[in-house]
Amino acid sequence: MNAPERAAAFLLDEDIGEVKLEYKADTKVSNAGTFIFQKEDHTVSNLLRMQLLRDPAVRFAGYMMPHPLIHRFDMKIQTSSSTVAPVEVLSAAIEDLANETDHLITQTTDAIDKWRKENDTGVMSQYS
């Protein structure tokens, strides 16, 4: 079959020195740059883009996927001023998403525990 290996979609190729994230500063605009994320897809790229656009320091955030069979996306970020670097806003966006994820996990766990306490009928308790 003429298809790439499934693991090639998410495992970095260490033999060729593939790295997860690479940054290239924009040569024309001082407060802009392009991040190249290897082995990621629209799920992560759209989450990051939306989180970046919530930040008032970000003027532009967008991404492109070069091809459906190439598991990579390029994210362009431009900040509103030259005092804030694209690396800083991306780092803040990743941290904010991690905090939101932790909060979501906590809320879900609490809701499941509450439901189990309210619905402890013996039938469900045997699966705990």
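Helix α2, which comprises residues 86–118, lies across β1, β2, β3 and β4 and runs at about 45 degrees to β2. The model in which this arrangement appears is a predicted one, and the four strands beneath the description of α2 are a good place to continue.

Those four strands form an open sheet in the order β1-β2-β4-β3, with antiparallel pairing. At its edges stand β1, residues 21–25, and β3, residues 58–64, each of which pairs on one side only. Averaged over the sheet and with direction ignored, neighbouring strands are turned by 20 degrees against each other. Strands of a sheet pair through backbone hydrogen bonds, in either a parallel or an antiparallel sense. Here, the edge strand β3 and strand β4, residues 72–79, are joined in the antiparallel sense over six bridges, and within this part of the sheet A61 has I77 in β4 as its bridge partner.

A second helix, α1, formed by residues 42–54, also packs on the sheet, where it touches β2 (32–38), β3 and β4, and its direction makes about 170 degrees with that of β3. With 13 residues, α1 reaches 18 Å from its first C-alpha to its last, which is close to the 18 Å expected at 1.5 Å a residue. The buried residues of this helix are S45, L48, Q51 and L52. Because they cover an arc of only 135 degrees around the axis, they are placed on the same side of α1. From there the buried residues of α1 pack against β2, β3, β4 and α2, whereas T43 and R54, on the other side of α1, are exposed. T43 also takes part in a contact at the start of the helix, where a side-chain oxygen of D41 reaches to within 3.2 Å of the backbone nitrogen of T43.

The path then returns to strand β4, in which T79 lies. T79 counts as buried because its relative accessibility is 0%, which falls under the 20% limit used for that term. Its side chain is nevertheless engaged in polar contacts with the backbone: the side chain of T79 reaches the backbone oxygen of S81 at 3.0 Å, and a polar atom of that T79 side chain lies 2.7 Å from the backbone oxygen of V84. Leaving aside residues up to four places away in sequence, T79 touches N31, A57, V58, R59, V84, A85, P86 and V89; among these, V58 belongs to the residue range of β3, while P86 and V89 fall within that of α2.

Conventions. Residues are numbered from 1 along each chain as its sequence is written. This is a predicted model: local features need pLDDT of at least 70, side-chain atom pairs count only at pLDDT 80 or more; totals for chains, interfaces and linings use all residues. Side-chain values use heavy atoms; hydrogens and water are left out. Two strands pair if DSSP finds at least two bridges between them. Helices (H or I, at least four residues) and strands (E, at least two) are DSSP runs, numbered from the N terminus. Axes are lines fitted to C-alpha atoms, for helices over the stretch in contact, and angles run from 0 to 180 degrees between N-to-C directions. Contact means heavy atoms within 4.5 Å. The expected span of a helix is 1.5 Å times one less than its number of residues. Buried means under 20% relative accessible area, exposed over 50%, partly exposed in between (1.4 Å probe, protein chains only). The arc is that of the directions from the helix axis to the C-beta atoms. A polar contact is a pair of N or O atoms within 3.5 Å; within protein, one must be able to donate a hydrogen and the other to accept it, and residues adjacent in sequence count only if both atoms are side-chain atoms.
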